[in-house]
Each structure stands twice: as structure tokens, then as C-alpha cells.
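The following briefing concerns one structure, shown below. It proceeds by topic, from definitions to individual contacts.

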Amino acid sequence: VGRGMRERSGDSGQLGRLKQAIRSRLGLILICASMAVAFVHAESVTSPTTDEAGHVVRGLTWWTTPDTRFNWPHPPLGHLVATAPGALFGEVPDFESMKGYDQADFIALTRTYWKKGDYQAARAQLRAARWTTSLLSILLAIYLYEWLRRRFGQRLALITTLLYAANPILLAHAGLMTTDFVVAGVTLFALLQLYDYLQVGGWKHLALLALSVGALLTTKLTG
């Protein structure tokens, strides 16, 4: 009798943990879906900001020209990632024939692309870059949840991820084509990898730490 009661109690505990895990994952899905809806809406009502035009040009010239003179303010990784979908699948202009290219005049090249070129095509490139940055923020939310869940439990992981997703600074910058969110996200990833390496050690965590620090250094000079 005692053994049967213990087995039923164990089954009940496992079922309870399973239900809790399902609720937690559904909460994560709801958080990510809410972030996606917020980013899509924000993109549709937000005009290009002052520095986004230049960031788009820097990224696209990295992909489409042999010239890297336009990227002196920042390392290229953030620009390359954000503009990858537009460069690979979108309409990319011939920057080498535009005013300012031969002289490496970044301001003149940016003005030519946005004011004298096809504005709708440029706006489409910006939209793709914004959505890419937004996607990175959602992927970071998923990673943050899983990292916390494995170490501190589902409840804390879900609450922390909710706070992350509701952060107004994150919502403001993750939907823009700049390097601000990218460097913040890579910094967080690098810090989590540093914690893992210091706590656990091993070549796996060392490799992930080296990769994250390398990504940080190639995203922004302040990294």
C-alpha cells in the first residue's frame, strides 16, 4: 500500500512539473509573439531616424562593394547581420556609380542613395534591417529564458524574460537599424558565457566565451 501511494505521489509530482513546464513555455511563446507584434507595428509607424540611413548604407556597401572606407566609425558585424536579408534578397543599388563613392564621402553617398535614388527601395532595405534586429532581440529573449531556466528554474526565467521584453529602452532600440541593441545583446551573451565558464569551465564554454567576445569586439568600438 505504501509503495503504491509513493508511486501515485511520484506520478502526480511529475504531472505537476509537466504542467508547469507547459505553462512556462506557453508564456514564453506569448512573450515572443507580443514582441513580434509590437516590433511590426512600430516599424510601420516609425519614419527613418537620423542615423539609420547611414547604417543601412554602411551595411549594404560591405555586402556589395569591395570598398570598406565607409565603415570607419564601427566594426562591420552588426551592419553585416542587419543588412544581410536585404543585401541577399532585396534590391541593391550600384553604389559605385553614385556621387560620393569615389571620394569615400559617406555623407554624400548616403544623401544620394536616400534622396536621389529609389526611396521606396531604400525604405524596404531599412524595413528588412529593422526586422532582422527585432528578430535578434526575440532570439535573445529565448536564449535568456533557457539559460535562466536551466540554472534557476522556470518561474524566475519567465519573470525575467517578461521584464526583458517589457523594457522600454529595449523596445525602442531593438526595432531600429543601429548598432545599439546589437552591442547590448552581444554584451549580455558574453557575460552569460563568462559566468558559465567561471562556474563550469571546459573547452565548450571557453569556445563560446571566445566567440561572444570576438563578436562583441567586431560589433562596435565601445564593445
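In this text, buried means under 20% relative accessible area, exposed means over 50%, and partly exposed lies in between (1.4 Å probe, protein chains only). The model is predicted: local features need pLDDT of at least 70, side-chain atom pairs count only at pLDDT 80 or more, and totals for chains, interfaces and linings use all residues. Residues are numbered from 1 along each chain as its sequence is written, and side-chain values use heavy atoms, with hydrogens and water left out.

**Helix α5 and its ends**

- Helices are DSSP runs (H or I, at least four residues), numbered from the N terminus.
- Helix α5 covers residues 119–152, which makes 34 residues. Its first and last C-alpha atoms are 49 Å apart, close to the expected 50 Å, where the expected span is 1.5 Å times one less than the number of residues.
- At the N-terminal end of α5, Asp 118 acts as a cap, with a side-chain oxygen 3.2 Å from the backbone nitrogen of Gln 120.
- Gly 153, just after α5, takes a positive phi of about 100°.

**Salt bridges**

- A salt bridge is defined as a side-chain nitrogen of Lys or Arg within 4 Å of a carboxyl oxygen of Asp or Glu. The structure holds nine of them.
- Glu 146 pairs with Arg 25, their closest N and O atoms being 3.6 Å apart. This pair links distant parts of the chain, as Glu 146 belongs to helix α5 and Arg 25 to helix α1, 121 residues apart.
- Glu 146 also forms a salt bridge with Arg 149, with the closest N and O atoms at 2.8 Å. Both of these residues lie in helix α5, three residues apart, about one turn of the helix.
- Glu 146 is buried at 18% relative accessible area, whereas Arg 25 is partly exposed at 35% and Arg 149 is partly exposed at 24%.
- Asp 180 forms a salt bridge with Lys 220, the closest N and O atoms being 2.9 Å apart. Asp 180 lies in helix α8 (residues 180–199) and Lys 220 in the segment after α9 (203–217), so the pair ties together parts that are 40 residues apart in sequence.
- Asp 180 is partly exposed, with a relative accessible area of 30%, while Lys 220 is buried, with 15%.
- Glu 43, Glu 52, Arg 123, Arg 127 and Arg 130 are joined into one network by salt bridges that share partners.

**Nonpolar core**

- A nonpolar core is a set of buried Ala, Val, Leu, Ile, Met, Phe, Trp, Tyr and Cys residues joined through side-chain atoms within 4.5 Å.
- The largest such core has 19 residues, and Met 35, Tyr 164, Leu 170 and Phe 181 have the most contacts inside it.
- Helices α1, α5, α6 (154–165) and α8 each supply at least two residues of this core. The most come from α5, which gives seven.

**Contacts of Thr 65**

- Thr 65 is placed in the loop between α2 (52–64) and α3 (77–89), and it is buried at 10% relative accessibility.
- A polar contact is a pair of N or O atoms within 3.5 Å; within protein, one must be able to donate a hydrogen and the other to accept it, and residues adjacent in sequence count only if both atoms are side-chain atoms.
- The Thr 65 side chain reaches the backbone oxygen of Thr 61 at 2.7 Å and the backbone nitrogen of Asp 67 at 3.4 Å.
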